[in-house]
Amino acid sequence: MIVRPARNVRGSISLPGDKSISHRYAMLAAIADGPSRLENYSTGADCASTLGCLRSLGVKWDRKNGDENVIEVQGSGLTLTAPSEPLDCGNSGSTIRMLSGIAAGQKFTTEMGGDESLSRRPMERIITPLTSMGARITSHDGRPPLRIVGGNIEAIHYKMPMASAQVKTCLLFAGLLADGETRIEEPLRTRDHGEVALRAFGAQLERNGNEVRIRGGQRLRGIEARVPGDLSSAAFFLCAAALFPNSQLTITHLLMNPTRARLLDILVQIGLRISVTQLEEIHGELVGTLQVEGGQLKGAVISGSDTAALIDEIPVLAAIAPYTEQGIEVRDAKELRVKESDRIRSIATNLAAMGAQVEELADGLKIPGGQSLHGAELESFDDHRIAMAFSIAALRAQGETLIRGSECAAISFPAFFSSLEALVER
Ligand code: S3P
């Protein structure tokens, strides 16, 4: 993809369904009683991987005629069917980690793997607790492919060593299928879509501070839902708007869940003007319309619980950091090194290629402000968020930027480049 500089961002957009919620709704619809209808399901390849895996587990689902993004799922109840071949999770860490929780509770063996990037990603974070629940799991040195011998699992009390909503959700799903009451304590509050979705499907959960508890054996009932627009996809357009003082952008039906919306706080702190209207709660998820105007961009330090809450938005915040006045420093972000690519390295490499000064730290980045960048030939590192983040940096660079392998944007947002084109003015 070649991205040319722009002079402004203006317009209105509604985004495909949130990736985190789409995965969870599809998985819970699969093990619910009765049908579910999921509108505005994520268009990304990752959420299609989840649907593919569910089909291999005997779950019947269809895309509605005339609207590809409406998925109708026939719930199988808590018991799925033994797959006849390994499940293909593609590039999707969410699929393999969260579905492992369901596989652990099934009285059969499930094999799961994926592409080259997924095969490098750490899985001991789910293997350890699922094994203590009684699942027998083999892996390739803690990485995919996984072979899970499930069934007859027991509840656990587990203190998670890292902040990860995928792990928390995996264990809540396993807890639903286990004997007894599972308690999970997280070191920091991570996105709570797993809890919210479980409640939407009729399960009862208790939360006490950073601990969440679920009783095994609860039946779920199917739902009709419209998935809110993806806040992490919105981040690219919000950061594009941040680059131009006269920008005006409206995003309708956007996810506003407080455990995901730290991005909005940081953008306001940096200098965007944001107002929210039409706020409503749908199946426990906050949704609203966002109106955004550009301003003068200050800087920010992102660390601690902010880093965990913003983990998927850091690539694009880092990509616009050189254009801020004081720059952006990111700390406590070691997890970025084990995402779809080593995102700290990918960001530092691409910023440097555009002529930016940037310091790569073991757990983050220091990016001074007040810099001007030039167009360059960049790599996506086969990482959707890197491809999209640098197409935003390119909007304020001098000259054109070429992004190799930009088609990987389809992992979360196939229409990203055409949507961006529709909003930029040149
Ligand atoms: C996700 C949690 C985060 C995030 C990922 C989606 C989720 O991963 O980076 O894109 O839907 O729970 P971790 O659980 O590894 O932090």
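These questions and answers concern a predicted model and the ligand it holds.

Q: What makes a residue count as part of the surroundings of the ligand, and which residues are they?
A: A residue counts if one of its heavy atoms lies within 4 Å of the ligand. The residues around the ligand are Ser20, Arg24, Ser94, Arg97, Ala163, Ser164, Ala165, Gln166, Arg191, Ile311, Asp312 and Lys339.

Q: Why is the pair between Arg24 and the ligand called a polar contact?
A: A polar side-chain atom of Arg24 lies 2.6 Å from an oxygen atom of the ligand. The cut-off for a pair of N or O atoms is 3.5 Å, so the pair is a polar contact.

Q: What makes the backbone of Ala165 and of Gln166 count as well?
A: For Ala165, a polar backbone atom is 3.1 Å from an oxygen atom of the ligand. For Gln166, the distance from a polar backbone atom to a ligand oxygen is 2.9 Å. Both values are within 3.5 Å, so both pairs are polar contacts.

Q: How much of the ligand does the protein bury?
A: The ligand taken alone exposes 390 Å², and the protein buries 94% of that.

Q: Where does the ligand sit, and how is that decided?
A: The ligand sits in the largest pocket. A molecule sits in a pocket if more than half of its atoms lie within 2 Å of the pocket's grid points, so the ligand meets that condition.

Q: Which elements give two or more residues to the shell around the ligand?
A: They are α1 (19-30), α3 (93-104) and α5 (165-176).

Q: How does the shell divide by residue kind?
A: The shell has 3 nonpolar, 4 polar and 5 charged residues.

Q: Which domains give at least three residues each to the shell?
A: Domain 1 (2-15 + 228-425) and domain 2 (19-226) do.

Q: Why is the peptide bond from Pro144 to Pro145 called out, and where is Pro145?
A: That bond is cis, with omega near 0°. Pro145 is in strand β9 (residues 143-149).

Q: What is notable about phi of Asp141, and where does Asp141 lie?
A: Phi is near 55°, a positive value in a residue other than glycine. Asp141 lies in the loop between β8 (136-140) and β9.

Terms used
Residues numbered from 1 in each chain as written. Predicted model: local features only at pLDDT ≥ 70, side-chain atom pairs only at ≥ 80, totals over all residues. Heavy atoms only, no water. Polar contact = N/O pair within 3.5 Å; in protein donor to acceptor, adjacent residues only side chain to side chain. Areas by Shrake-Rupley, 256 points an atom, 1.4 Å probe, with all protein chains shown as cover. 1 Å grid on protein atoms, 1.4 Å probe; cavity = no way out; pocket = protein on both sides within 12 Å on 5 of 7 lines; lining within 4 Å. Helix = DSSP H or I, 4+ residues; strand = E, 2+ residues; numbered from the N terminus. Nonpolar A, V, L, I, M, F, W, Y, C, P; charged D, E, K, R; others polar. Domains from an automatic or database assignment.
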